[in-house]
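Thanks, everyone. I'll walk through one model this morning, helices and charged side chains mostly. Here it is on the screen.

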Amino acid sequence: MTTEQPSNTTRKRLIIGGAVAAVAAAGVIGVVSVNAQDPDPGTKTPVAADAAGGNLAQSTHLTIAAATKAAQAALDAAVKENQHVTVAVVDRDGNTVVTLRGDGAGPQSYTSAQQKAFTAVSWNAPTSVLAKRLDNAPHLADIDGTLFLGGGAPVTAKGGAPIAGIGVAGAPSGDQDEKFAQAGVAALGN
């Protein structure tokens with residue numbers, strides 16, 4: 001009597017089926033990738049992007065140390081004027097790098113500061129200037145995550161490209177918030 005060996009295809013099905021059953025039994029939600037092929041590194045060709053062909057872009061971001069320095073300078077400027085504010089610094093993509101909530105800052109100031117910073121970096125302009133644009137384009141205010149009130153200032157690299165935004169919220173006026181945001185920009189030498 002001879003015993004028949006399972007084929008390579010049958011082994012692959014058993015491996016994949018076993019992996020799927022294990023994931024289902026464990027209650028894991030996510031993506032599972034199973035490579036049932038025989039590993040043969042000699043037949044794989046590496047894939048590389050053509051950097052010379054204009055397929056890659058370089059982006060400049062503030063370091064955490066620089067973002068913290070700017071936020072602290074903005075907060076210090078507010079404290080000197082006895083204002084209770086929150087300061088947010090976002091990167092070029094609008095992601096929050098650092099947020100400092102000053103003593104006594106209102107609960108609304110946290111989100112407002114982030115939105116002002118996001119708005120300033122998105123349009124590379126102070127939010128007080130952008131607020132004036134709403135007269136001609138009121139639907140700009142419908143863009144998720146934006147806030148068209150004074151208090152946001154862009155941070156630019158040499159050449160004027162936006163690399164970050166600083167938002168301040170909590171002072172009695174947007175003009176004061178923006179003055180504090182500009183103090184954060186000034187601390188970076190821009």
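Let's start at a turn in the backbone. Helix α2 is followed by asparagine 82, and the phi of asparagine 82 is positive, near 55°. Keep in mind that this is a predicted model.

Now the helix itself. Helix α2 covers residues 64-80, which makes 17 residues. At 1.5 Å a residue, α2 should span 24 Å, and its end C-alpha atoms are 24 Å apart, so the two agree. Which residues of α2 are buried? They are Ala66, Ala67, Ala70, Ala71, Ala73, Ala74, Leu75, Ala77 and Ala78. What do they pack against? The partners are β1, β2 (96-101), β4 and α5.

Step back to the whole chain. The secondary structure comes to five helices and four strands. Along the sequence, the order reads α-α-β-β-α-α-β-β-α. The chain has 190 residues, and 32% of them count as buried. Take the contacts between residues at least 6 apart in sequence: 61% of those join residues at least 24 apart. The exposed area is about 11800 Å², with carbon and sulfur atoms supplying 54% of it.

Next, helix α3. It runs over residues 108-123, 16 residues in total. The expected span is 22 Å at 1.5 Å a residue, and the end C-alpha atoms sit 23 Å apart, which agrees. The buried residues of α3 are Ser109, Ser112, Ala113, Lys116, Ala117, Thr119, Ala120 and Val121. Their cover includes β1 (86-91), α4 (127-133), β3 (152-156), β4 (162-169) and α5 (174-187). After α3 comes asparagine 124, and its phi is positive, near 50°.

On to charges. How many salt bridges does the structure hold? Two. One joins the side chains of glutamate 81 and lysine 179, at 2.6 Å, N to O. This pair links distant parts of the chain: glutamate 81 is in the loop between α2 and β1, lysine 179 is in helix α5, and they are 98 residues apart. Glutamate 81 is partly exposed, with a relative accessible area of 33%. Lysine 179 is partly exposed too, with a value of 43%.

Aspartate 177 forms a salt bridge with lysine 116, and the closest N and O atoms are 3.0 Å apart. This pair also links distant parts of the chain, with aspartate 177 in helix α5, lysine 116 in helix α3, and their positions 61 residues apart. Are these two partners buried or exposed? Aspartate 177 is buried, because its relative accessible area is 3%, under the 20% cut-off. Lysine 116 is buried as well, because its relative accessible area is 4%.

Last stop, glutamate 178. This residue lies in helix α5. Glutamate 178 is buried yet has no salt bridge. The nearest side chain of opposite charge is lysine 116, and that is 7.5 Å away. A salt bridge needs the nitrogen and oxygen within 4 Å. What does the side chain of glutamate 178 contact instead? It makes a polar contact with the side chain of threonine 127, at 3.5 Å. The backbone nitrogen of glycine 151 lies 3.1 Å from a polar atom of the glutamate 178 side chain. Leaving out residues up to four places away in sequence, glutamate 178 touches Pro126, Thr127, Ser128, Gly150, Gly151 and Gly152.

That's the tour. Questions are welcome.

Note on methods:
Residues numbered from 1 in each chain as written. Predicted model: local features only at pLDDT ≥ 70, side-chain atom pairs only at ≥ 80, totals over all residues. Heavy atoms only, no water. Helix = DSSP H or I, 4+ residues; strand = E, 2+ residues; numbered from the N terminus. Expected span 1.5 Å × (residues − 1). Buried < 20%, exposed > 50% of the residue type's maximum accessible area, 1.4 Å probe, protein only. Contact = heavy atoms within 4.5 Å. Lys, Arg positive; Asp, Glu negative; His and termini not counted. Polar contact = N/O pair within 3.5 Å; in protein donor to acceptor, adjacent residues only side chain to side chain. Areas by Shrake-Rupley, 256 points an atom, 1.4 Å probe, with all protein chains shown as cover.
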